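Visitor: Please take me through one part of this model in detail, and follow what is connected to it.

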Amino acid sequence: MKKLNTLLLVLGSLVATPSFADDSQALQDQLATLKSFKAQFSQKVTDKQGQAVMQGEGTIALQQPMMIRWQQTNPDDTLFVSNGDKTYYFDSFAEQVTIMQTSSLIDSTPFVLLTSKDPAQWEKYSVLATNSGFSVTPNKGVESQVEQLDITFAGNEQGLAKLVVTDNSGQLSSFTFNDAQVNTPLDKSTFEFTPPEGVEIDDQSNGE
C-alpha cells in the first residue's frame, strides 16, 4: 500500500481566486490539445534535504478522457491503469491488485487532471503560470497528499517534457519524458486490465 500511496502522489490543479483564473484556463487549453500522449520516463526522487533516495524508469500513456497507463519497470514492476471508470493498481512483487473508482482519485492527486475536463474537479486546485510551465496546488480543504505539481511542456507540440511532484513531507519526485508520441491512436486495450489468476484483490470501488 505504501507504493500505491507514493504513486498517487504523482498520478495524480484550479482556481481559488480570480488572479489565477486565466492561468488555470491556459493550462486546461494546452492539455485539451493533448488528445493522447505516450512516452518513456526516467524518475528521480529526493528527500527534503535534496538527497537522492531512488531512481527509476518506465512508460506512460494518457488519453482523454480520464485514461491513464503508468508502468514502472525499475526498480520495481508496478502498473497503474485507468479506463476512465475504474482504476487498477498491480504490484507484481506483492501479487496484489487494488481497484478504485477513478473519480475518487482527484482528491488524492492532481495528476488525474491531465486527462480531465470536469470543471468541478479543476475547482479543487489553483494554477499559477511559471517561467517553465504551470504550478498546481490543492485549495484549502482538499485532502491531497500532493503539495505541488509542476508541469513543463515540450516545445514543437511534443506534449509533456517533465512533471515534478512535491508531497506534504517535502519529498520531491521528478519525471522526465522522452521518445514521446503525441496524438497518435492508442489501442483501447492499453487502458484495460484483467487481474492475473491467484493474486490478492482489494476492491475499494464498491459503493463509491
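What is the relative accessible area of N183?

Guide: N183 has a relative accessible area of 39% and counts as partly exposed, because buried means under 20%, exposed over 50% and partly exposed in between (1.4 Å probe, protein chains only). The model is predicted, so local features need pLDDT of at least 70 and side-chain atom pairs pLDDT 80 or more, while totals for chains, interfaces and linings use all residues. Residues are numbered from 1 along each chain as its sequence is written, and side-chain values use heavy atoms, without hydrogens or water.

The loop that holds N183 runs between β11 (172–182) and β12 (200–203); strands (E, at least two residues) and helices (H or I, at least four) are DSSP runs, numbered from the N terminus. N183 has a positive phi, near 55 degrees, although this residue is not glycine.

N183 also lines the second largest pocket, together with Q30, T33, L34, F153, A154, E157, Q158, G159 and V182. A pocket here is an open set of points on a 1 Å grid over the protein atoms alone, with protein on both sides within 12 Å along at least five of seven lines; a cavity is a set where a 1.4 Å probe fits but cannot get out, and lining residues have an atom within 4 Å of a point. Four of the residues lining this pocket are nonpolar, five are polar and one is charged. In this count Ala, Val, Leu, Ile, Met, Phe, Trp, Tyr, Cys and Pro are nonpolar, Asp, Glu, Lys and Arg charged, and the others, Gly among them, polar.

Three residues of that lining, Q158, G159 and V182, lead on to F37. Beyond neighbours within four places in sequence, F37 is in contact (heavy atoms within 4.5 Å) with residues including Q158, G159, L160, F177, A180, Q181 and V182. On another side of the list stand I60, A61 and L62, and L62 is the bridge partner of F37 in β2.

F37 and L62 also line the largest cavity, along with L34, S36, Q63, Q64, L114 and T115. L34 thus appears in this lining and in that of the pocket beside N183. The cavity lining holds four nonpolar and four polar residues, and no charged ones. Two or more of its residues come from each of β1 (36–46) and β2 (52–63).

These two strands pair in the antiparallel sense over 11 bridges, where pairing requires DSSP to find at least two bridges. Five residues separate them in a hairpin, and G50 in the turn has a positive phi of about 85 degrees. β2 is also antiparallel to β3 (67–74), joined by seven bridges; one of the partnerships is that of A61 with R69 in β3.

The β2–β3 hairpin has three residues between its strands. Q64, already met in the cavity lining, is joined to P65 by a cis peptide bond with omega near -5 degrees. P65 lies in the loop between β2 and β3, and so does M66. Like N183, M66 has a positive phi without being glycine, here near 65 degrees. M66 is buried, however, with a relative accessible area of 15%. Past β3, the bond from N74 to P75 is also cis, with omega near 5 degrees, and P75 sits in the loop between β3 and β4 (78–83).
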